[in-house]
Amino acid sequence: MAALPASQAMPGAQHARPGARAWIVLAILCLVYVLNFLDRQLLSILAKPIQDELGVTDSQLGLIGGLYFAMFYCILAIPVGWLADRTNRVRVLAFSCALWSAATAACGMASSYPQLALARMTVGVGEAGGVPPSYAIISDYFPPGMRGTALSLFNLGPPIGQALGVAFGASIAAAYSWRLAFIWVGVVGVVTALVVWQVVREPRKGGLDAAPGAVAAAAEPAPPFWRTCREYFANPVLRGMALACGATQFITYAVLNFTVLFLMREKGMALEQVAVWYALVIGTGICAGMFASGRLIDRLSRRSKTAYAYLPAAGLALAMPLFALFVWADRWPLALAFLLLPTGLNYFYLSPAVTLVQEEVRPNQRVLSGALLLLVMNLIGLGLGPAYLGMASDFFRASHPDNSLQMAFYTLIPFYLLAVGMFLRLARTIRLQASQETTP
């Protein structure tokens, strides 16, 4: 599953400028991603009123926000990716958006924990077809040399979705009820799915980054499912990137799923304050981190491919002490001040990871390869991170009844060290692979 050699690139392909349609498509796909993450994060944003009404524990929140959701989201992304590589990626994306949006509305109608868990798992089923097809569509609308920037702009979807989710969800919950927030967001998602179906055109696979002979190869049927899977995991760079991202997402998803509850329950923040100040921190912090990392990786990777690993490692190393201060702070204004920078630095991994995978594989393997990346990093991060933190909080409740979440948050610090070490190891793997490719 080696990337196409640079010598096979079409003349001028790396300097081609995308037209207006490419930017319109990117904006629509980013909107879909905003809704994808808004739907996903509403549960954590509205955790306090949901707990008050349904009697849900921290451990149960961690399970439905993490493991239960991830089992469907990650595993189903593989067959969906396989299908999208062989059919119309735009149609797969539109159908998936409609499904997860309808399931989000169903969350607002749940009257018990089992019903809420079932609706959340259905959201995971729909969202399995959201991100991998979008990665591949963008890679066929934007040429090499611009993909890092394009994918970083697409990856602004999660922070925008989180910020809107905090502002919208908390405001609606404070003024009306948490149920209406789920229902309204679901309706907007169904309408957006119709826009995708009608407006976005399926691009030619590999049309911007391969020579005529390789374009013909990209147009051939995608390789068999298991062959693509074997080639992906046999590649030490792709395997190492997925595992390092999983270690990072263990932190980020654990933090995302419990920060609002932490700020409200142990830092004295009100829901109305969450809707403004935490929304600003999420929106500005992660957007800045996503965009900056995308621009940096486009520049730094031209000098050395190791930038795909060193950039995330540097971001996490800088974020770790500031995260510790966020957990330590005794008042929410000070806590949010310490949280702003690590919120951005924690996400220096995503644009480099996605760009590396999309450029390392052949065009007719991009959706499935993107799904395999998400499978590994989300099963580890989304599946285990929130569940771990919720259980840790319940464990500390007996000895620290007033600050059990704070104690649980402190236990995430060693995972920063683990993730940094894994990215540094990945840099060494990339360097060795590059030296082997240049050796006669």
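The following questions and answers concern salt bridges, buried residues and a charged patch in a predicted model.

Visitor: How many residues apart in sequence are the parts that the salt bridge between Glu202 and Arg89 ties together?

Guide: Glu202 forms a salt bridge with Arg89, their closest N and O atoms being 2.7 Å apart. Because Glu202 lies in the loop between α9 (178–199) and α10 (212–219), while Arg89 belongs to helix α4 (residues 89–107), the pair ties together parts whose separation in sequence is 113 residues.

Visitor: Is Arg89 buried or exposed?

Guide: Buried means under 20% relative accessible area. Glu202, at 27% relative accessibility, counts as partly exposed, whereas Arg89 has a relative accessible area of 1%, and is therefore buried.

Visitor: Which residues are joined with Arg89 into one network by salt bridges that share partners?

Guide: A search of the whole structure finds seven salt bridges, among them one between Arg397 and Asp394, with the closest N and O atoms 3.9 Å apart. Through salt bridges that share partners, Arg89 is joined into one network with Asp140 and Glu202.

Visitor: Which residues does Ser134 touch, not counting those up to four places away in sequence?

Guide: Ser134 lies in helix α6 (residues 131–141), and with a relative accessible area of 1% this serine is buried. Not counting residues up to four places away in sequence, Ser134 touches Leu29, Leu93 and Phe154.

Visitor: Which residues form a positive surface patch?

Guide: One member, Arg299, lies in helix α13 (residues 271–303). The positive surface patch is formed by Arg295, Arg299, Arg302 and Arg303.

Note on methods
Residues numbered from 1 in each chain as written. Predicted model: local features only at pLDDT ≥ 70, side-chain atom pairs only at ≥ 80, totals over all residues. Heavy atoms only, no water. Patch = residues over 30% accessible without salt bridge, like charges linked within 9 Å, V, L, I, M, F, W, Y side chains within 5 Å. Areas by Shrake-Rupley, 256 points an atom, 1.4 Å probe, with all protein chains shown as cover. Salt bridge = Lys/Arg side-chain N within 4 Å of Asp/Glu carboxyl O. Lys, Arg positive; Asp, Glu negative; His and termini not counted. Charge placed at Lys NZ, Arg CZ, Asp CG, Glu CD. Helix = DSSP H or I, 4+ residues; strand = E, 2+ residues; numbered from the N terminus. Buried < 20%, exposed > 50% of the residue type's maximum accessible area, 1.4 Å probe, protein only. Contact = heavy atoms within 4.5 Å.
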